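Hi,

Here is the structure I promised to pass on. Have a look at it first, and my notes on what turned up follow right below.

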Amino acid sequence: MIRLPERFRAFFNNRWLVFVAAMWIQSCAGIGYLFGSISPVIKSTLNYNQRQVARLGVAKDIGDSIGFWIGSLCEILPLWAVLLIGALQNLIGYGWVWLIITHRVPTLPLWAMDELVVLLGPTFPLGLVMNQCNFETFDNVFWSLSMCILIFVGTNGETYFNTVDLVSCVQNFPKSRGPVVGILKGFSGLSGAILTQIYTLIHSPDHASLVFMVAVGPAMVVFGLMLIVRPVGGHRQVRPSDGFSFTFIYGVCLLLAAYLMGVMLLEDLVDLSHTVVTIFTAILFVLVLVPIVIPVSLSFSSEPKAPETEAFLTEPQKEEPGKSGQDTTEVIFSEVEDEKPKEVDLLPASERQKRIAQLQTKLFQAAAEGAVRIKRRRGPRRGEDFTLMQALIKADFWLIFFSLLLGSGSGLTVIDNLGQMSQSLGYDNTHIFVSMISIWNFLGRIGGGYFSEMIVRDYAYPRPVSMAVAQVIMAFGHFFFAMGWPGALYIGTLLIGLGYGAHWAIVPAAASELFGLKNFGALYNFLTLANPAGSLVFSGVIASSIYDREAEKQAHHHHQQQQNMGSIFSGMLGLDDPPKCEGSICFFLTSMIMSGLCIIAVVLSMILVRRTKIVYANLYGNSRT
């Protein structure tokens with residue numbers, strides 16, 4: 001009979017507990033997806049125009065994506081310390097934004113980069129500037145930059161959460177990368193809908209309280225769970241029940257998404273009492289907490305095994321895609337790749353493996369007899385462990401990057417501008433569309449991980465083909481946004497959410513397969529740079545410029561109409577308000593451009609598929625024989 005303390009120790013070291021805790025952190029970590037709800041509050045409070053809001057959106061996207069140093073931090077610091085840094089950044093960044101928009105500190109200008117360059121110059125240190133400028137001047141410059149900096153700092157905390165959760169769980173579940181990444185990134189995408197429902201429960205007439213909740217909520221969750229999320233030797237905890245456990249998690253995910261969708265639509269169509277909203281929110285919390293039954297049942301309802309008696313992987317399974325084997329085997333494998341005839345790759349999987357094994361045996365014998373000189377390849381092959389610098393010189397890595405830039409960047413443009421898009425089409429309640437795209441984003445990530453895993457496991461076909469399918473879906477979604485038909489916003493939100501979410505389940509798994517797990521944190525965070533790069537061009541330049549141009553046209557036309565009607569007050573109306581655009585014309589050209597970019601992304605993804613067919617056949621061909 002195993003004592004209770006030992007059961008609790010097994011529970012604390014259970015990889016499913018780590019996975020569930022990471023899911024909870026991710027369920028409140030996608031704060032960037034709430035920008036569509038936050039931006040109208042900032043815009044109205046600080047009297048910003050659309051171009052200025054777009055700049056804040058770019059700062060948010062940069063903060064959400066830049067974290068290439070976090071992979072190194074994960075190797076130096078304990079993972080709980082990395083999570084703590086992220087939580088503090090989130091709390092300070094968005095906490096200070098809340099102070100600004102509630103006028104607890106002075107209202108700030110948005111962007112003063114030119115002033116900073118003039119004052120600091122390219123080589124002057126900060127101390128010299130403070131000596132040369134009076135305090136008031138320096139203070140003004142500091143506050144001019146602070147809104148963008150605070151948005152960046154607050155959202156950058158999410159990058160710490162993502163990196164620690166993914167690195168821990170991918171190492172704990174090395175044979176289930178697609179489902180693990182899809183579920184974790186799915187909960188990140190769903191966090192917008194979860195936080196919006198909690199905000200609805202608070203029922204505060206002050207919309208700035210949403211920013212306060214974004215600042216405090218994720219930090220509290222991370223403080224409570226940061227000691228749990230870490231690698232726990234997951235490869236030694238493989239059990240036959242894993243398939244059932246993943247099926248249970250998928251069922252909870254689908255139920256959670258359906259429930260949130262129903263609640264959001266009901267709240268939008270019917271004026272519910274606060275008691276009913278409280279009940280709905282309580283049920284939401286129960287659904288989020290339900291997955292804890294998996295580690296509890298594994299640890300307390302059955303006899304936990306000591307680590308040395310856990311069900312280890314069999315010898316053929318220990319050689320994970322992305323991990324190098326013994327030195328001699330690696331060298332011989334390189335020679336096999338060079339010596340085998342091209343037609344071998346076209347044979348059925350069983351015959352191909354037999355021919356490769358024969359050639360490998362001959363090379364081992366020849367090497368032992370000195371008949372051939374085994375040469376060493378420079379750097380790793382695809383499927384082995386790459387450093388970031390080694391990956392940066394590979395065409396496959398850049399194909400992934402630019403395909404992600406075009407696909408996810410166009411989707412992020414919709415997410416950042418969804419509030420203004422819905423307002424331009426005459427919808428007053430923008431929260432419903434932000435919540436809906438969060439739910440579809442969640443389902444896209446869950447589905448992207450599940451179906452891409454089926455493709456590689458059942459057919460040994462390259463995972464990026466599923467990314468091409470997602471980009472085709474997004475191209476149709478942008479087209480619906482451009483047309484502006486009645487109800488098109490609902491369909492466009494569905495398609496863009498599904499396609500965008502699928503990217504973030506497929507890309508991390510594909511990168512770990514092609515470039516290894518050892519430096520996965522650094523590789524993943526570099527690839528996420530595609531998000532702000534796309535947002536900077538698509539949202540910060542294209543979408544905002546087209547919107548402001550159309551808004552100015554409409555304002556000028558309205559002003560002329562008033563003059564023709566002889567209104568003596570026409571010159572006094574709307575002087576202090578930024579121009580607003582109405583109608584589908586506001587985002588028509590932007591959406592058509594985004595649709596075209598998604599088609600280009602499909603072409604890049606299919607090129608990557610063609611280049612990696614042999615790699616995936618080697619990685620997963622054995623599982624089909």
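Cavities first: the count comes to four of 30 Å³ or more. Keep in mind that this is a predicted model. The largest cavity holds about 130 Å³ of space. It has 16 lining residues, and Asp64, Asn162, Lys185, Tyr524 and Thr528 are the closest to its centre. Two or more lining residues come from each of helix 4 (50-65), helix 9 (135-172), helix 10 (177-202), helix 22 (488-515) and helix 23 (520-527). Helix 9 has the largest share of that lining, with four residues. Sorted by class, the lining of the largest cavity comes out as eight polar, four charged and four nonpolar residues.

One of those helices deserves a second look. Helix 23 is mostly covered, with eight of its eight residues buried. If you want to select them in your viewer, the buried residues are Phe520, Gly521, Ala522, Leu523, Tyr524, Asn525, Phe526 and Leu527. Tyr524 therefore turns up twice, as a buried residue of helix 23 under the 20% cut-off and among the residues closest to the centre of the largest cavity.

Now the overall picture. The protein has 25 helices and zero strands. Of its 625 residues, 54% are buried. The exposed area is about 27300 Å², and carbon and sulfur atoms supply 65% of that. Taking contacts between residues at least 6 apart in sequence, 86% join residues at least 24 apart.

Next, the packing. The largest nonpolar core has 156 residues, and Phe19 and Ile183 touch the most other members. Helix 19 (residues 395-424) gives the most to this core, namely twelve residues. Which residues does Phe19 touch, not counting those up to four places away in sequence? They are Cys169, Phe173, Val180, Ile183, Leu184 and Phe246. So the two residues that touch the most other core members also touch each other, with heavy atoms within 4.5 Å.

Ile183 comes up again in the contacts of Ile249, a residue of helix 12. Ile249 counts as buried because its relative accessibility is 0%. Leaving out residues up to four places away in sequence, Ile249 touches Trp16, Met23, Ile183, Pro291 and Ile294. Pro291 is 42 residues from Ile249 in sequence, and the two are 6.5 Å apart in space, C-alpha to C-alpha.

Helix 12 (residues 242-269) also contains Leu266. Is Leu266 buried or partly exposed? Its relative accessible area is 34%, so Leu266 is partly exposed. With residues up to four places away set aside, Leu266 touches Leu272 and Phe280.

Back to helix 19, where Ile415 sits. Ile415 counts as buried because its relative accessibility is 4%. Beyond its neighbours within four places in sequence, Ile415 is in contact with Tyr33, Gly36, Ile437 and Tyr500. Ile415 and Gly36 are 379 residues apart along the chain, yet their C-alpha atoms are separated by 6.4 Å.

Another long jump in sequence involves Leu608, in helix 25 (residues 585-620). Leu608 is at 0% relative accessibility and so counts as buried. Its contacts, not counting residues up to four places away in sequence, are Asp396, Leu399, Ile400 and Pro464. Leu608 and Ala395 lie 213 residues apart in sequence and 8.9 Å apart in space, C-alpha to C-alpha.

Last, some backbone details. Most residues other than glycine have a negative phi, and most peptide bonds are trans. Two residues to check against that are these:

- His103 has a phi near 60°, a positive value in a residue other than glycine. Its place is in the loop between helix 6 (79-101) and helix 7 (113-120).
- Ala460 is not a glycine either, and its phi is positive at about 50°. Ala460 lies in the loop between helix 20 (431-459) and helix 21 (464-483), and at 9% relative accessibility it counts as buried.

Cheers

How values were computed: Residues numbered from 1 in each chain as written. Predicted model: local features only at pLDDT ≥ 70, side-chain atom pairs only at ≥ 80, totals over all residues. Heavy atoms only, no water. Core = buried A, V, L, I, M, F, W, Y, C linked by side-chain atoms within 4.5 Å. Buried < 20%, exposed > 50% of the residue type's maximum accessible area, 1.4 Å probe, protein only. Areas by Shrake-Rupley, 256 points an atom, 1.4 Å probe, with all protein chains shown as cover. 1 Å grid on protein atoms, 1.4 Å probe; cavity = no way out; pocket = protein on both sides within 12 Å on 5 of 7 lines; lining within 4 Å. Points joined across faces, edges and corners; volume = space filled by probe spheres on them. Nonpolar A, V, L, I, M, F, W, Y, C, P; charged D, E, K, R; others polar.
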